[in-house]
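Visitor: I am new to this structure and should like to understand how its descriptions are justified. May I put some questions to you?

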Amino acid sequence: MENETKEVLSPNKGLLQSPELYQYILESSVYPNEPEPLKELRAVTASHPRALMGTAPDAGQMMSMLLQLVNAKKTIEIGVFTGYSLLRTALTIPDDGKIIAGDLNLDTYEIGLPIIKKAGVEHKINFIQSEAFPVLNKLLETSNNEGSFDFAYVDADKINYHNYHERLLKLLKVGGLVVYDNTLWGGSVAMPEDHVAEKWRTNRHWIIEFNKLLASDSRIQICLAPLGDGMTICKRLI
Ligand SMILES: C[S@@+](CC[C@H](N)C(=O)[O-])C[C@H]1O[C@@H](n2cnc3c(N)ncnc32)[C@H](O)[C@@H]1O
């Protein structure tokens, strides 16, 4: 039928069967062990018009576990916003650990900064107000950085994930991890394109292409974890 009206779907960040199930996970597993400064940071971020951009608390919980599993000390973060994932990392890595954190926007980082300072972990963070490319390129130009990072987290600028990937694989140690957020893009990756609202389509396209690229990259082992908005964990193999 030519004039059939298509249902336009607006993907949600939550990917589980029901909001109640997600709430159950948060209340039974995540919130009981979430450090106080992270609760405070979530509360401060909640009133921000773009609060939904913050890394989901369940995804943050997994990040802590991954950081501990690889004994991460030297890490990179692309996309800081108010700093939930950054503070997660800073609270998890050892006292002499270091995070290179890049974001275009200083104002949003400054929303979370007082909480980061109060938590006593600011000394682990080197925040750089910048596009991601110059940050990664500069790291690659500096001696001793190639093959030296334990962990990277990418949560900005989906269109360039594939470009960041090439640089990050050079910076990571063999055995190191890079985690990409939003790799299910609100579930839209599995919806027919013409059923997806226009504003979601560009990133949906790039995320689908990126997921294909990761699946065919023999330099890494991957796991697409369906929590938060989809997080792909990649381990550098060679
Ligand atoms: C989804 S938010 C990051 C959320 C953060 N990980 C958290 O837990 O709250 C994305 C951030 O990436 C930043 N950003 C967007 N494009 C960027 C780019 N090309 N280079 C660096 N940062 C960028 C935005 O300013 C925004 O703060």
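Visitor: What makes Cys234 count as buried or exposed?

Guide: In this predicted model, the relative accessibility of Cys234 is 0%. The term buried applies under 20%, so Cys234 counts as buried.

Visitor: Why is Cys223 called partly exposed?

Guide: Its relative accessible area is 40%. Buried means under 20% and exposed means over 50%; Cys223, at 40%, is therefore partly exposed.

Visitor: How do you know whether Cys223 has a bond to the closest cysteine sulfur?

Guide: A disulfide is a covalent bond between the sulfur atoms of two cysteines. The sulfur of Cys223 has its closest cysteine sulfur in Cys234, at 9.6 Å. A disulfide requires the two sulfur atoms to lie within 2.5 Å, so this distance is too far for a bond. The search of the whole structure accordingly finds 0 disulfides.

Visitor: Which residues are closest to the ligand?

Guide: The ligand is surrounded by 20 residues, and the closest are Thr55, Ser85, Asp103, Glu131 and Asp155. By class, this shell comprises 9 nonpolar, 6 polar and 5 charged residues.

Visitor: What makes the pair formed by Thr55 and the ligand a polar contact?

Guide: A polar side-chain atom of Thr55 is 2.8 Å from an oxygen atom of the ligand. The cut-off is 3.5 Å between N or O atoms, so the pair at 2.8 Å qualifies as a polar contact. In the side chain of Asp157, an N or O atom lies 3.4 Å from a nitrogen atom of the ligand; this value also falls within 3.5 Å.

Visitor: How much of the ligand does the protein bury?

Guide: The ligand taken alone exposes 610 Å², of which the protein buries 89%. The space that the ligand takes is the largest pocket.

Notes
Residues numbered from 1 in each chain as written. Predicted model: local features only at pLDDT ≥ 70, side-chain atom pairs only at ≥ 80, totals over all residues. Heavy atoms only, no water. Near = heavy atom within 4 Å. Polar contact = N/O pair within 3.5 Å; in protein donor to acceptor, adjacent residues only side chain to side chain. Areas by Shrake-Rupley, 256 points an atom, 1.4 Å probe, with all protein chains shown as cover. 1 Å grid on protein atoms, 1.4 Å probe; cavity = no way out; pocket = protein on both sides within 12 Å on 5 of 7 lines; lining within 4 Å. Sits in = over half its atoms within 2 Å of the grid points. Nonpolar A, V, L, I, M, F, W, Y, C, P; charged D, E, K, R; others polar. Buried < 20%, exposed > 50% of the residue type's maximum accessible area, 1.4 Å probe, protein only.
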